[in-house]
Amino acid sequence: MHMADALISPAVGGAFWAASLSAIAYSSRKLKRETDEKLVPLTGVLAAFVFAAQMINFTIPGTGSSGHIGGGLLLAILLGPHAAFIAMASVLVVQALFFADGGLLALGCNIWNLGFYSCFVAYPLIYRPITGNAAGNGRKHVFAAVVSAIAALQLGAFSVVLQTMFSGVSELPFKVFFSFMQPVHLAIGIVEGAVTAGAVAYIRKAGWHENSLPAGLAYKRLAWGIIAVALFTGGALSWFASTLPDGLEWSIERTTGGSGPAASGAGELAASTAPIVGGAIVLGAILAAGFLVSMLMKKNA
Amino acid sequence: MLKAGHLNFDITALDRLSCAESPAHRLDARVKLLTAVAFIVCVVSFPKHEVSGLMQFFLYPVMMAAVGGIPFGLVARKVIVVSPFALMVGAFNPFFDTAPAVSIGSVAISGGWLSFASIMIRFALTVSTAVILISTTSFHGVCRALEQLGAPAAFATQLLVLYRYLFVLGDESRRMLRAFEARSFGEGAPTPGMKTVSHLIGALFLRTVSRAGRIHAAMTARGFDGEMRTMRQDRIRLSDALFAALAISAFVVMRTMNIAAIAGSLVTEGAR
């Protein structure tokens, strides 16, 4: 459920970039202050672990399909929310650059959807209160993990729906998209929670003890800071977009040959075939030029 | 196994390309990163029915790939591999927006088909730009650029460590899966069940943590104090500044002028 550049508007992309960047900055500062630099290599290697864990596909019972875990909740439980968020954010950066999963502008949305909810909502507000401080392995922990994973994935899926709606590139009605995304991610959440709980139980049985959550987290300040930055960026960008409509309207008129249902006739025909012919000419010219340049580069090399 | 081979192929192919020498590779990483972002913002800021006005934007990825020696086929393949999500969401547009917007002869095309085409073109443009950025800049270059542009140093360091150990841990998980397959006699193949997988992931985590401890010990022994130092001096040269100015002003021109429509109307007028 990576959000794609092609589906978002600059205002939505910018707002979530700002929100994710402030969460990254907050987490980095927190990590630096409360631990020694030891956690930098540790979280880097653990982010690589998330990649490796995502490579392990397993059969989802009753469906015959297979899937893999996201890993955000697992890291939050084992390392605390700050290190986990930084690790998830860096995993998404690599995915955006090398696998083109999402894209550069949508990266902010993806870090938010796949990292923020599991580390800063599900873990501190659901998992910790249910399990308390006890590092046990009982049913309570399985229950907590499943509920947290469901919550994180529901919020993430809902965010994808909202970001798509606010961007307005897709025509999908809110209700249709919502009623498709939420149930699918309910199933994924149950599986993710169960596997996470199993992995945590196994890891604890082997004698690993997590760093406990640093006391006195400034969640409230973080939340207000992020909201303020995101609103400001989104607002500024949409204002900027709305002051620039002239060239834009002109080009719509050009492409669609006037808005509204087009009547038939010679004049209308010319207006609507022109962009198609022109588009083909432009694309052909660019490809030909690209081909020529690459031949030249090869010759010189 | 499944995705593992895919992962290594993808990264090593792009990594090898990023080590080459070309004018595109020599550009400063910050300049390339910011230009790519400006490009993507221009592309996604078009109204949703725009099709012909987006065509001219192919100039940037095609030229960067041509100058940087990036094979067009590789870029196209990457675009196709990651397209399902945008394809799935975009494919609904023709069903929900059925008002005719354009007619070609007697055939009316609805707004939904236009916006669907627009989404797929945006997708091709933004994805190919990201792929070309990484294959002309290298991951280290992008990380350094991020840090120089103000990202927290700890985050940049962490990205570099992640990248370095991606392959090591990828191999580790592949070995574990192979061992699982060898012991399971086809039971549960091709993929393990949920209980097994939680143990596999747990074991992988423990191995990762002990490896991270050894890595940290080795790094401290060599004087690591939380900061990455490089001998490399990055300066923005005149050619970098010229490239940025040229590219960004070209984006602005392309954003406001639909060259395809102008060329098309010239041709169709001329034909009559």
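User: In this predicted model, is A:Phe85 buried or exposed, and what is its relative accessible area?

Analyst: Buried residues are those under 20% relative accessible area. A:Phe85 falls in that class, and its value is 0%.

User: What is the geometry of the ring pair formed by A:Phe85 and A:Phe120?

Analyst: The search of the whole structure yields 22 aromatic pairs over all chains. For A:Phe85 and A:Phe120, the ring centres are 5.3 Å apart and the planes stand at 55 degrees. Planes under 30 degrees apart would count as stacked and those over 60 as edge-to-face, so this pair is tilted.

User: Which helices does the pair of A:Phe85 and A:Phe120 tie together?

Analyst: A:Phe120, with a relative accessible area of 4%, is buried. The two residues belong to parts of chain A that are 35 residues apart in sequence. A:Phe85 lies in residues 81-98 and A:Phe120 in residues 107-131, so the elements tied together are helix H4 and helix H5 of chain A.

User: Which residues are linked into a cluster by ring pairs?

Analyst: A:Phe85 and A:Phe120 both belong to this cluster. Its complete membership is A:Phe16, A:Tyr26, A:Phe85, A:Trp112, A:Phe116, A:Tyr117 and A:Phe120.

User: How many residues apart in sequence are the parts tied together by A:Phe158 and A:Phe174?

Analyst: These two rings form an edge-to-face pair, with 6.4 Å from centre to centre and 75 degrees between the planes. A:Phe158 is partly exposed at 29% relative accessible area, and A:Phe174 is likewise partly exposed, at 38%. A:Phe158 is placed in helix H6 (residues 139-167) and A:Phe174 in helix H7 of chain A, so the parts joined have a sequence separation of 16 residues.

User: Which element gives the most to the nonpolar surface patch?

Analyst: The patch, of about 690 Å², is made by A:Val176, A:Phe180, A:Val184, A:Ile188, B:Met88, B:Phe92, B:Phe95 and B:Phe96. Two or more residues come from helix H7 (174-205) of chain A and from helix H8 (93-96) of chain B. With four residues, the leading contributor is H7(A).

User: Where is B:Phe92 found?

Analyst: B:Phe92 is one of the residues of the nonpolar patch. Its relative accessible area is 33%, which means that B:Phe92 is partly exposed. Its position is the loop between helix H7 (84-90) and H8 of chain B.

User: Which residue lies over the face of B:Phe46?

Analyst: The distance from the ring centre is 4.0 Å. The residue placed over this ring is B:Arg255.

User: What separates the closest N and O atoms in the salt bridge of B:Glu21 with B:Arg26?

Analyst: Seven salt bridges are counted over all chains. In this one, B:Glu21 is exposed at 60% relative accessibility, while B:Arg26 is partly exposed at 44%. The closest N and O atoms lie at a separation of 2.4 Å.

User: Which helix holds both B:Asp171 and B:Arg174?

Analyst: Their side chains meet in a salt bridge of 2.9 Å, N to O. They are three residues apart, about one turn of the helix. Both lie within residues 153-184, in helix H11 of chain B.

User: Which residues form the salt-bridge network that includes B:Glu172?

Analyst: B:Glu172 and B:Arg207 meet in a salt bridge at 3.0 Å, N to O. This pair links helix H11 with helix H12 (residues 194-221) of chain B, across 35 residues. B:Glu172 is buried at 8% relative accessibility, whereas B:Arg207 is partly exposed at 41%. Through shared partners, the network comprises B:Glu172, B:Arg175, B:Arg207 and B:Arg211.

Note on methods
Residues numbered from 1 in each chain as written. Chains lettered and ligands numbered in written order. Predicted model: local features only at pLDDT ≥ 70, side-chain atom pairs only at ≥ 80, totals over all residues. Heavy atoms only, no water. Patch = residues over 30% accessible without salt bridge, like charges linked within 9 Å, V, L, I, M, F, W, Y side chains within 5 Å. Areas by Shrake-Rupley, 256 points an atom, 1.4 Å probe, with all protein chains shown as cover. Salt bridge = Lys/Arg side-chain N within 4 Å of Asp/Glu carboxyl O. Buried < 20%, exposed > 50% of the residue type's maximum accessible area, 1.4 Å probe, protein only. Phe/Tyr/Trp six-rings, centres within 6.5 Å; stacked < 30°, edge-to-face > 60°. Lys NZ or Arg CZ within 6 Å of the ring centre and 35° of its normal.
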